[in-house]
Amino acid sequence: MSQTEIGLIGGDCVGKRKRSCQQPRPDRRRRALLGGLTGWILSPILFRSDPARAAVGDGVNASKMRAQAGDQFVFKTGARKGEVITIADVAFGARPLVAYPYDPIEGVLRNGSRLNQILVLRLAEDSYTDKVRARAVDGVIAYSAICTHENCPVTAWHSDDQLFICPCHETHYDPKNGARVVSGPAKRALPALPLTVKDGVLTAAGGLTGRVGRRKRT
Ligand code: FES
């Protein structure tokens, strides 16, 4: 495997922990809010009644909650940081995008925890397992961006083998097969996020399929 085949996922800030990388600029956030307004107008009742959507009680910081059914996604980094991601934004065969979930009903960007980062990509559907295909929309699939070994962000992409790579200890994950571990020290696949599309906007069809990041220490 040559290093030249491996690219960083999601632009300049991925993997860094600078505050500027984690907090969308106010103007971008406004754009995200405006972008989500359409979804808010068109589909609020639908997702309020979705049983897969967790209730937000008093004192719960919704920005720290993991992705919920009905959430949209916004670019985490790059020139379009803070903008809502449409299905057309996810180019076939391109490097995965890094996104934060965005609740268009409550206007909440879920960037309160770095564990909420999501990888979004689009590969050939006929390369997917049946389970992965069932969670995809037009070939677009999504996974937690947090390594299940020691919680590093998964920031590299092997374009020839189409594998995610965690740079911390080199775990490789196969997104075509449920992000199962191909090699490296991690023991669990990255949790997946089922997708749908609403008025062209990429939208979570349910919650994550498993716990994000490493298992709780006992
Ligand atoms: S934290 Fe990802 S391989 Fe160790």
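## Two aspartates and a nonpolar core

Asp138 is partly exposed, because it has 13 C-beta neighbours inside 10 Å, a count that lies between the 12 or fewer of an exposed residue and the 20 or more of a buried one. Please keep in mind as you read that this is a predicted model.

Where does Asp138 sit along the chain? Look in the loop that runs between helix H4 (130-135) and strand S6 (140-144). Its backbone deserves a glance too: phi of Asp138 is near 50°, a positive value in a residue other than glycine.

Now move on to another aspartate. Asp199 also is not a glycine, and it has a positive phi of about 50°. Is Asp199 buried or exposed? It counts as exposed, because 11 C-beta neighbours are found inside 10 Å, and the limit for that class is 12 or fewer.

Here are the two residues side by side.

| Residue | Phi | Loop between | C-beta neighbours inside 10 Å |
|---|---|---|---|
| Asp138 | near 50° | H4 (130-135) and S6 (140-144) | 13, partly exposed |
| Asp199 | about 50° | S11 (195-198) and S12 (201-204) | 11, exposed |

The loop that holds Asp199 joins strand S11 (195-198) to strand S12 (201-204). How do S11 and S12 pair? They run in the antiparallel sense, with four bridges between them. One of the residues to look for is Leu195, whose bridge partner in S12 is Ala204. Together S11 and S12 form a hairpin with two residues between the strands, and it is in this hairpin that Asp199 takes its positive phi.

Let us step back to the whole protein. You can trace four helices and 12 strands in it. There are 218 residues, and 39% of them are buried. Among contacts with a separation of 6 or more, 62% link residues 24 or more positions apart.

What about the interior? The largest nonpolar core has 46 residues, and the members that touch the most others are Ile85, Ala99, Leu119 and Val120. Several strands give two or more residues to this core, including S2 (72-75), S5 (118-122), S6 and S12. Which strand gives the most? That is S3, with five residues.

To finish, pick out Leu119 in your viewer. Setting aside neighbours within four places in sequence, Leu119 is in contact with Ile9, Pro96, Val98, Ala142, Tyr143, Ala145, Val154 and Phe164.

Note on methods: Residues numbered from 1 in each chain as written. Predicted model: local features only at pLDDT ≥ 70, side-chain atom pairs only at ≥ 80, totals over all residues. Pairing = 2+ DSSP bridges. Core = buried A, V, L, I, M, F, W, Y, C linked by C-beta atoms within 7 Å. Contact = placed C-beta atoms within 7 Å.
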